[in-house]
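Hello,

Here is the structure I promised to pass on to you. Have a look at it first, and then read on for my notes.

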Amino acid sequence: MDFTKLNTEFANMQTTIVKYHNVVSKIESKIKYNSKLISKYETKGKKLNNVEKELSNLYIKLLKNENDFLKTLITENTKSNNKLER
């Protein structure tokens, strides 16, 4: 029997899985980085004037929304992967 096609498809699947895990790890690192920025601006915001505080609060809200979106991407993808495994 010739398994070259099967071996090629298996290698392609492994490459796809590695790329998927790389994307997920980049998303998780972005969430971690955003969380650090949020805490930085929350502590820094106490020493600012009113305009700077408003801008800082706006930026914090933006980062929190981005984190929520990225977390949703990961959880939705995990849910869909769990359904495929069943």
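Tyr 59 is partly exposed in this predicted model, because its relative accessible area of 32% is neither under 20% nor over 50%. Its ring has a partner in Tyr 41: the two ring centres are 5.2 Å apart and the planes meet at 80°, so this is an edge-to-face pair. The count of aromatic pairs comes to one. The two tyrosines belong to distant parts of the chain, with Tyr 41 in helix α1 and Tyr 59 in helix α2, 18 residues apart. Their C-alpha atoms are separated by 8.4 Å.

Tyr 41 also counts as partly exposed, at 24% relative accessibility. Leaving aside residues up to four places away in sequence, Tyr 41 touches Ser 56 and Ile 60 as well as Tyr 59.

You may like to know how the fold as a whole is put together. The protein has two helices and zero strands. Helix α1 covers residues 4-44 and helix α2 covers residues 50-85. I also checked α1 against its expected length: with 41 residues at 1.5 Å a residue it should span 60 Å, and the end C-alpha atoms are 60 Å apart, so the two values agree. Of the contacts between residues at least 6 apart in sequence, 65% join residues at least 24 apart.

Next, the charged side chains. A search of the whole structure turned up one salt bridge. Glu 42 and Lys 64 form it, with their closest N and O atoms 3.6 Å apart. Like the tyrosine pair, it links distant parts of the chain: Glu 42 sits in α1 and Lys 64 in α2, 22 residues apart. Are the two partners buried or exposed, or something in between? Glu 42 counts as partly exposed, with a relative accessibility of 38%, and Lys 64 also counts as partly exposed, at 38%.

Then there is the question of what is hidden from solvent. Of the 86 residues of the protein, 15% count as buried. In α1 the buried residues are Val 24, Ile 27, Ile 31, Asn 34, Leu 37 and Ile 38. You might want to take a look at Asn 34, which is found in helix α1. Its relative accessible area is 1%, and since the cut-off for buried is under 20%, Asn 34 counts as buried. Not counting residues up to four places away in sequence, Asn 34 touches Leu 63, Glu 66 and Asn 67.

Finally, the surface. The protein exposes about 7500 Å², and carbon and sulfur atoms supply 59% of that area. One nonpolar patch on the surface is formed by Phe 10, Met 13 and Ile 17, which together have about 310 Å² of accessible area. Of these residues, Phe 10 has its place in helix α1. Phe 10 is partly exposed, with a relative accessible area of 46%.

If you open the model with one view in mind, I would suggest the residues that join α1 to α2: the edge-to-face pair of Tyr 41 and Tyr 59, and the salt bridge between Glu 42 and Lys 64.

Best wishes

Conventions. Residues numbered from 1 in each chain as written. Predicted model: local features only at pLDDT ≥ 70, side-chain atom pairs only at ≥ 80, totals over all residues. Heavy atoms only, no water. Salt bridge = Lys/Arg side-chain N within 4 Å of Asp/Glu carboxyl O. Helix = DSSP H or I, 4+ residues; strand = E, 2+ residues; numbered from the N terminus. Buried < 20%, exposed > 50% of the residue type's maximum accessible area, 1.4 Å probe, protein only. Phe/Tyr/Trp six-rings, centres within 6.5 Å; stacked < 30°, edge-to-face > 60°. Contact = heavy atoms within 4.5 Å. Patch = residues over 30% accessible without salt bridge, like charges linked within 9 Å, V, L, I, M, F, W, Y side chains within 5 Å. Areas by Shrake-Rupley, 256 points an atom, 1.4 Å probe, with all protein chains shown as cover. Expected span 1.5 Å × (residues − 1).
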